[in-house]
Amino acid sequence: MTSRNMKFMHAACVAVALCGMGAVRTEAAAPLQPPLSALDPDKDGTVSLDEAKAAADKKFDALDTDHEGTLTLTETKGAFLKSTFANADPDKDGTIDKAEWEAQVEQRFRAADASRDGKLDAQELASPAGKTLLRLLQ
Ligand SMILES: [Ca+2]
Ligand SMILES: [Ca+2]
Ligand SMILES: [Ca+2]
């Protein structure tokens with residue numbers, strides 16, 4: 001083998017190695033960009049159900065301006081429509097309490113988790129179901 005061929009082989013090996021590394025890198029979730037990164041305190045590039053619930057808890061408290069522990073349809077500020085509100089209020093008292101709110105987060109989270117791995121990546125969060133969930137988190 002001539003030294004020129006050796007050089008070529010070496011270049012090819014480097015290219016393959018780099019491609020290999022690239023493939024590994026795309027397997028890990030890319031870091032979430034702001035404002036989504038605020039939903040990912042452990043910075044693993046995905047939002048777990050626990051992270052979603054923590055964000056939803058904060059949002060609930062922010063929306064509950066009269067601190068009664070319940071939200072009326074008006075207080076949810078667009079997180080629910082009149083049509084979805086009834087569904088989220090199984091005890092039919094006309095308000096959503098924290099347990100009902102969390103049940104909705106869980107339901108919307110599962111609907112958005114297309115890969116069924118218990119985590120939402122940027123792509124899943126950008127889906128229509130993901131956006132529906134984000135209304136309860138942001
Ligand atoms: Ca995370
Ligand atoms: Ca209720
Ligand atoms: Ca997922």
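Here is a walk through this predicted model, from its overall layout down to a few individual residues.

Let's start with the big picture. The protein contains six helices and four strands. Going along the sequence, these come in the pattern α-β-α-β-α-β-α-β-α-α. Of the 138 residues in the protein, 25% are buried. As for how the chain comes together, take the contacts between residues at least 6 apart in sequence: 48% of them join residues at least 24 apart.

How far can you trust what you see? The mean pLDDT is 87, and 80% of the residues reach 70 or more. One stretch to treat with care is residues 22-26, where pLDDT stays under 50. The model also gives that stretch zero contacts beyond four places in sequence. Helix 1 is assigned to 3-27, so keep those pLDDT values in mind when you look at residues 22-26.

Now for the helix packing. Two packed helices are described by the angle between their axes and the distance between the axes. Here the pair to look at is helix 2, residues 49-63, and helix 4, residues 98-112. Their axes lie 10 Å apart and make an angle of about 140°. That angle makes helix 2 oblique to helix 4; the cut-off for roughly antiparallel is over 145 degrees. The crossing of the two is right-handed.

Zoom in on that contact and you can see who is involved. Helix 2 contributes Leu-49, Ala-52, Lys-53, Ala-56 and Phe-60. From helix 4 come Lys-98, Trp-101, Glu-102, Val-105, Glu-106 and Phe-109. Sorted by character, the residues of this contact are seven nonpolar and four charged, with no polar ones.

Next, some backbone details in the loops. Between helix 1 and strand 1 (47-48) there is a loop that holds Pro-35. The peptide bond leading from Pro-34 to Pro-35 is cis, with omega near 5°.

Two other loops each hold a residue with positive phi. His-67, in the loop between helix 2 and strand 2 (70-71), has a phi of about 50° although it is not a glycine. Is His-67 buried or exposed? His-67 has 7 other C-beta atoms within 10 Å, and 12 or fewer counts as exposed, so His-67 is exposed. Further along, Arg-116 sits in the loop between helix 4 and strand 4 (119-120). Arg-116 is not a glycine either, yet its phi is positive, at about 55°. With 7 other C-beta atoms within 10 Å, Arg-116 is exposed too.

Finally, have a look at two residues in helices. Ala-88 belongs to helix 3, residues 82-88. Ala-88 counts as partly exposed because it has 19 C-beta neighbours inside 10 Å, and a buried residue needs 20 or more. Which residues does Ala-88 touch, leaving aside its neighbours within four places in sequence? They are Phe-80, Ile-96, Glu-100 and Gln-104. For Ala-88 and Gln-104, the separation is 16 residues in sequence and 6.4 Å in space, C-alpha to C-alpha.

The other one is Gln-123, found in helix 5, residues 122-126. Gln-123 is exposed, as it has 12 other C-beta atoms within 10 Å, and exposed means 12 or fewer. Along the chain, Gln-123 and Leu-32 are 91 residues apart, while 10.0 Å separates their C-alpha atoms.

How values were computed. Residues are numbered from 1 along each chain as its sequence is written. Chains are lettered from A and ligands numbered from 1 in the order in which they are written. This is a predicted model: local features need pLDDT of at least 70, side-chain atom pairs count only at pLDDT 80 or more; totals for chains, interfaces and linings use all residues. Two residues are in contact if their C-beta atoms, placed from the backbone, lie within 7 Å. pLDDT is the predictor's confidence in each residue, from 0 to 100. Axes are lines fitted to C-alpha atoms, for helices over the stretch in contact, and angles run from 0 to 180 degrees between N-to-C directions. Angles under 35 degrees count as roughly parallel, over 145 as roughly antiparallel, 65 to 115 as roughly perpendicular and the rest as oblique. A crossing is left-handed if the near helix is turned anticlockwise from the far one by less than a right angle, and right-handed if clockwise. Ala, Val, Leu, Ile, Met, Phe, Trp, Tyr, Cys and Pro count as nonpolar, Asp, Glu, Lys and Arg as charged, and the others, Gly among them, as polar.
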